[in-house]
There are 2 protein chains.
Amino acid sequence: MKYAIGIDVGGTSVKMGIVSTEGELKEAWEIPTRVEDGGKAILPDIAASVKEHISGIADDVTGAGIGLPGPVDDEGVIRKAVNLGWDRTFNVAEELSGLLSGMTVKAANDANVAALGEYWLGAGKDYGDMVMVTLGTGIGGGIVHHGKIYAGTTGAGGEIGHICLNPNEKLSCGCGKKGCFEQYASATGVVRLANEELKASSDPSELRDAPVTAKAVWDAVRNHDKLAIRVAERFGYYLGWGLSIIAGVVNPEVFVLGGGMSKAGDMMIPYVREHFDKYTFHACRDAQIVIAKLGNSAGTLGAAKMVID
Amino acid sequence: MKYAIGIDVGGTSVKMGIVSTEGELKEAWEIPTRVEDGGKAILPDIAASVKEHISGIADDVTGAGIGLPGPVDDEGVIRKAVNLGWDRTFNVAEELSGLLSGMTVKAANDANVAALGEYWLGAGKDYGDMVMVTLGTGIGGGIVHHGKIYAGTTGAGGEIGHICLNPNEKLSCGCGKKGCFEQYASATGVVRLANEELKASSDPSELRDAPVTAKAVWDAVRNHDKLAIRVAERFGYYLGWGLSIIAGVVNPEVFVLGGGMSKAGDMMIPYVREHFDKYTFHACRDAQIVIAKLGNSAGTLGAAKMVID
């Protein structure tokens with residue numbers, strides 16, 4: 001049996017796994033991400049850990065894939081990764097390959113790698129072209145086209161969180177622009193919409209009893225809380241409209257919703273679907289909208305898949 | 001020297017060409033499109049004409065590509081083409097191949113084929129991933145990724161004219177939805193914006209002297225007509241914003257503006273660029289915006305390119 005190494009680099013830890021070419025996660029482990037000194041130890045730490053873990057099976061390892069929190073182009077060049085302390089532009093794939101005695105290495109953005117994992121073994125498994133949308137503090141995403149990551153020119157393909165839905169927005173997004181998709185349809189966006197609804201009326205709601213979080217909103221929706229349902233409807237409008245635009249550009253067969261907020265599960269789909277159907281061009285309207293399945297392991301699995309044909 | 005046949009099917013005529021693998025158009029000709037009787041003569045007419053024109057060089061012809069006015073998927077299946085009288089779903093590539101004694105045939109949407117032509121020999125030649133935007137009565141488009149057409153699941157990839165920019169629009173688009181991109185940034189959209197400006201003030205303008213067309217608007221802009229310049233600014237807002245969204249999804253290196261209205265030329269670029277820069281996520285903002293170069297021959301050349309490696 002042949003294996004590939006999957007590496008998913010985050011700001012605090014690096015998740016790694018040995019994955020069979022059939023998609024079985026044979027072993028998984030983590031090491032801390034040492035971001036000090038411009039993150040110079042990160043790749044050497046990863047290489048040392050990989051070598052240690054594959055010592056008995058090195059001849060059966062076909063390569064390693066690495067997902068990184070920053071834009072990575074098709075060649076493996078990363079421009080910057082503030083969460084890792086990296087502020088230079090360099091070829092991660094080449095550098096890690098050098099540290100691994102010339103092993104085949106491919107690199108990509110972490111959201112793109114997670115998308116590939118879901119495509120290979122998760123919610124996208126039974127579909128063709130796919131767009132993954134990660135709903136967390138912000139909105140990330142990844143496009144899988146013909147079974148491969150669509151990286152785009154500067155590695156920002158599928159980075160849909162900052163498409164501008166509302167040029168008239170008054171509040172600024174973290175990116176400096178105004179009216180970004182993630183200002184409305186992320187977990188942060190849901191909290192904002194909830195606070196707006198709470199302020200706009202004195203209607204009773206369980207959301208008045210504790211700090212408002214996205215989880216609290218979806219829990220309240222589950223309890224038929226009317227105000228929370230209004231929030232879910234507004235969220236569904238923004239997410240459904242946003243997805244309709246993406247569908248009009250890349251015409252996927254499926255959207256996979258992942259990230260922390262996707263834990264709310266299938267309950268959120270009808271709110272999104274209603275508006276998606278309303279705003280999507282008929283030729284793109286058959287796209288499915290489903291919830292991600294792999295959780296945190298999507299990154300490790302997808303990273304490994306990059307070096308498995 | 002080897003050749004490929006390029007076929008660009010329109011509602012009134014079929015443009016055809018013999019194209020060398022180096023991109024030289026050796027011969028070009030047209031035949032009428034016979035749309036009567038459900039368009040059943042169209043493919044046989046094309047096959048007969050191709051056979052006649054390649055009689056001396058048949059052994060050097062590597063295949064034929066055909067562009068069609070309707071959504072065509074990666075396999076060559078067209079779902080419908082009202083302009084051709086076709087209302088069935090069938091594999092055009094297979095059917096034409098059968099009529100051409102088994103010749104290799106690939107089929108794609110006409111806007112996608114024109115995009116490939118511009119990528120190969122026109123305004124996209126010096127770039128990587130490209131999005132073509134055709135500004136005519138409506139807005140069409142095509143995505144070229146890694147040198148290939150991005151068809152999408154149902155062949156509607158890059159069909160960006162019906163992404164919804166304004167859910168609050170009152171007027172309906174031809175597609176039945178409201179607020180579509182092409183309601184604002186097509187030639188039709190420019191005429192609409194001009195009529196709104198003419199109605200909103202009594203400012204003098206050469207646009208008051210004759211029927212308003214997109215060409216008249218750009219001619220007036222060239223003459224420093226203040227009202228026409230306001231129209232150009234509003235057009236630039238919508239096109240720049242729309243392109244910014246597309247950039248955030250597929251992160252191209254270049255946008256190529258084609259279609260009838262692109263004849264206004266480089267004059268329109270600054271109006272678009274201003275708003276594109278304002279609304280585009282920084283990682284995607286370096287995309288160039290240029291005017292198409294090949295005119296009507298983009299379709300024939302791009303169709304041929306589908307069967308040239």
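1. In this predicted model, strand E1 of chain A has residues facing two ways: A:Tyr3, A:Ile5, A:Ile7 and A:Val9 point to one side, A:Ala4, A:Gly6 and A:Asp8 to the other, and all are buried. In a regular strand, side chains alternate between the two faces of the sheet. E1(A) covers residues 3-9, and seven of its seven residues are buried, so the strand is mostly covered, where buried means that 20 or more other C-beta atoms lie within 10 Å of a residue's own.

2. Which strands does E1(A) pair with? One partner is strand E4 (residues 61-68) of chain A, joined to E1(A) by six bridges and running parallel to it. Within this pairing, A:Gly67 of E4(A) lies opposite A:Asp8.

3. Strand E2 (residues 13-20) of chain A is also joined to E1(A), by seven bridges, and here the strands run antiparallel. A:Ile5 has A:Ile18 of E2(A) as its bridge partner. A hairpin of three residues leads from E1(A) to E2(A).

4. Turning to the two chains, chain A is superposed on chain B by a rotation of 180° with 0.0 Å of shift along its axis, at an RMSD of 0.0 Å. This is the relation of a two-fold axis.

5. How many residues of chain A are in contact with chain B? There are 34, and they meet 34 residues of chain B. Helix H8 (residues 226-250) of chain A gives the largest share of chain A's side, seven residues. By type, that side of chain A divides into 18 nonpolar, 11 polar and five charged residues.

6. Of the interface residues of chain A, 100% are also interface residues in chain B, so the copies meet through the same surface.

How values were computed. Residues are numbered from 1 along each chain as its sequence is written. Chains are lettered from A and ligands numbered from 1 in the order in which they are written. This is a predicted model: local features need pLDDT of at least 70, side-chain atom pairs count only at pLDDT 80 or more; totals for chains, interfaces and linings use all residues. Copies are superposed by least squares on the C-alpha atoms of residues with pLDDT of at least 70 in both. Two residues are in contact if their C-beta atoms, placed from the backbone, lie within 7 Å. Helices (H or I, at least four residues) and strands (E, at least two) are DSSP runs, numbered from the N terminus. Ala, Val, Leu, Ile, Met, Phe, Trp, Tyr, Cys and Pro count as nonpolar, Asp, Glu, Lys and Arg as charged, and the others, Gly among them, as polar. A residue is buried if 20 or more other C-beta atoms lie within 10 Å of its own, exposed if 12 or fewer, and partly exposed in between; C-beta atoms are placed from the backbone. Two strands pair if DSSP finds at least two bridges between them.
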